[in-house]
Amino acid sequence: QVSELVQFLLVKDQKKIPIKRADMLKNIIREYRNAYSEIVKRADRTLQEVFGLQLVEVDTKRHIYILINNLPHAEGQHLCRGKEKEKMGLLLVILSFIFMKGNSVKDSALWEFLHLLRVYPGKQHSVFGDVRKLVTEEFVRQKYLETTPIPLTDPPEFKFQWGPRAEKETSKRDVLNFVAKMQGKDPAFGATQFSEAEANT
Amino acid sequence: ENRESMLNSKSNRLTEALEEANRLFGGVRRAREAALDAQFLVIASNIGKEKANELHSEMSAFDSTAFAEDLLTFMGINRTEVEETDDSEDVPGEFLPSDAWQKVGEEAPKYFRRAPTFHYMMGSFKSEPPVRKQRIERQKKASRGKAERAMPAQLKEMEQSHQEATEKEVERILRILQSHFENDPNTPISFFDFVIDPNLFARTVENVFHVSFLIRDGLAKIKLDEDDLPIIEPVKPSEGGEEDSRAAARNQVVISLDQKEWK
């Protein structure tokens, strides 16, 4: 059962859409419900010892899980299919913007920023295609970003924050390092952000 | 509506608005007005929160425009001198190379602890195939839907091609038999002459196999001639009706033929 669960998780993780406990129970564990937590624990151990991955629960109420990499940031070539890398690049830029702007931004502010990078919500992008869909749907479904409507706004406005997957896969400190690298500055330059990042490690 | 002006940190408009709302509330008589007042408070408190946020970030100012410029530089933007032309979204003369986002993409994975996406090394014939050796087991379990569709589709194809081949062969043999009888209607063919392939025993067996279909379907019949040797002839469609075919004895015959005999 354990190896089946491991395989199930690896395949499910391909699209980076978080995995629900209900799906695990339905497809793999089925009759062995009572042993559920034991099976999951062992699967996690296998993932860690064999693959260097970790099963993390990002929603304790609704029991939703993701797989993250346990190994330290690997330098060097990653085998990435399709546009994975470019999407991560865009995501990193967005996460940086959100963090540097105080952890929460209005959607209009985000799009205004992306405009500067020649990325427009209404226009097909040569690399990303439908960017609005990528940002508001794909990244949100993968739990990299979280979007909440701002009440009583007409037309409705939203705010963007880091999603739980972003919280687990990266850190404020890492993101700050990225920002500093782009600016060619020392991370300690943005004083408030730096202390916040430090506090979060 | 005046959200933006209220957000301006220098303005006191928010305070003024709140004070006015307070005053107006004294004159409220109806529920609808009270509801409006409540709505106003929600909006006001949101604006207040935003103002507080702005205050916070102003302390260690983050210049997003400068950050964007830095990103563009990193992406390898080509800044050239350009004459004043129409203001358009894509500024002519500032050329963003096609691998701009690739550059960022190369840098990005270093900041994430992302589980590498699981891919099969040898590729697959349909999406979401099972893993490695446990291919067959997997098809029953995790990738249920798609895998199940893949398997039956494959088998169906194979069976079909088998069936087709057999049918074609049977038809071919029937035609040979018929054409022979057209030329020579009164000379039945010896069964053995018909089926035996002088060179290939396997072929012979195949021929017997195919002929058996013809017999089964009533398209040919085997009789015994004077020497008690089987002969085969096609059944003419006009021959008798239902009665005849019912009357025709349906016998099961086992013919054994081994390689020695064949030789």
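**Exercise 1. Take stock of chain B: what percentage of its 263 residues is buried?**

Step 1. Fix the term. Buried means under 20% relative accessible area, exposed means over 50%, and partly exposed lies in between (1.4 Å probe, protein chains only).

Step 2. Apply it. Of the 263 residues in chain B, 27% are buried. This is a predicted model: local features need pLDDT of at least 70, side-chain atom pairs count only at pLDDT 80 or more, and totals for chains, interfaces and linings use all residues. Residues are numbered from 1 along each chain as its sequence is written, chains are lettered from A and ligands numbered from 1 in the order in which they are written, and side-chain values use heavy atoms, with hydrogens and water left out.

Step 3. Turn to the surface. Chain B exposes about 19300 Å² (Shrake-Rupley method, 1.4 Å probe). Carbon and sulfur atoms supply 52% of that area.

Step 4. List the elements. Chain B has 11 helices and five strands. These are DSSP runs, numbered from the N terminus: helices are H or I with at least four residues, strands are E with at least two.

Step 5. Look at contacts, meaning heavy atoms within 4.5 Å. Among contacts in chain B with a separation of 6 or more, 45% are between residues 24 or more positions apart.

**Exercise 2. Find how helix α8 of chain A packs on helix α4 of chain B: at what angle?**

Step 1. Locate the pair. α8(A) covers residues 172-183, and α4(B) covers residues 64-74.

Step 2. Read the geometry. The angle is about 75°, and the axes are 8 Å apart. Roughly perpendicular covers angles of 65 to 115 degrees, so α8(A) and α4(B) are roughly perpendicular to each other.

Step 3. Name the residues. F178(A), V179(A), M182(A) and Q183(A) come from α8(A). They meet F67(B), D70(B), L71(B) and F74(B) from α4(B).

Step 4. Sort them. Six are nonpolar, one is polar and one is charged.

**Exercise 3. Which residues of helix α6 of chain A are buried?**

Step 1. Pick them out. In α6(A), residues 131-141, they are V131(A), L134(A), V135(A) and F139(A).

Step 2. Look down the axis. These buried residues fall within an arc of 90°, so they line one face of α6(A).

Step 3. Recall the helix rule. An α-helix has 3.6 residues a turn, so residues three or four places apart point the same way.

Step 4. Find the cover. It includes α4 (84-100), α5 (107-116) and β7 (145-150) of chain A.

**Exercise 4. Examine the backbone of K16(A): what is its phi, and which residues does K16(A) touch?**

Step 1. Place K16(A). It sits in the loop between α1 (2-12) and β1 (19-20) of chain A.

Step 2. Read phi. K16(A) is not a glycine, yet its phi is positive, about 65°.

Step 3. Check burial. K16(A) is buried, with a relative accessible area of 0%.

Step 4. List the partners. Leaving out residues up to four places away in sequence, K16(A) touches Q142(A), R165(A), R114(B), A115(B) and T117(B).

**Exercise 5. Where is the cis peptide bond that joins D154(A) and P155(A)?**

Step 1. Read omega. For the bond between D154(A) and P155(A), omega is about 0°.

Step 2. Place it. P155(A) is in the loop between β7 and β8 of chain A.

**Exercise 6. Trace K168(A): which residues is it in contact with?**

Step 1. Place K168(A). It lies in helix α7 (residues 164-169) of chain A.

Step 2. Check accessibility. At 36%, K168(A) counts as partly exposed.

Step 3. List the contacts. Neighbours within four places aside, they are V56(A), E57(A), V58(A), I66(A) and I68(A).

Step 4. Take one pair. K168(A) and V58(A) are 110 residues apart along the chain, with C-alpha atoms separated by 8.4 Å.

Terms used. Axes fitted to C-alpha atoms, helices over the stretch in contact; angles between N-to-C directions. Parallel < 35°, antiparallel > 145°, perpendicular 65-115°, else oblique. Nonpolar A, V, L, I, M, F, W, Y, C, P; charged D, E, K, R; others polar. Arc of directions from axis to C-beta.
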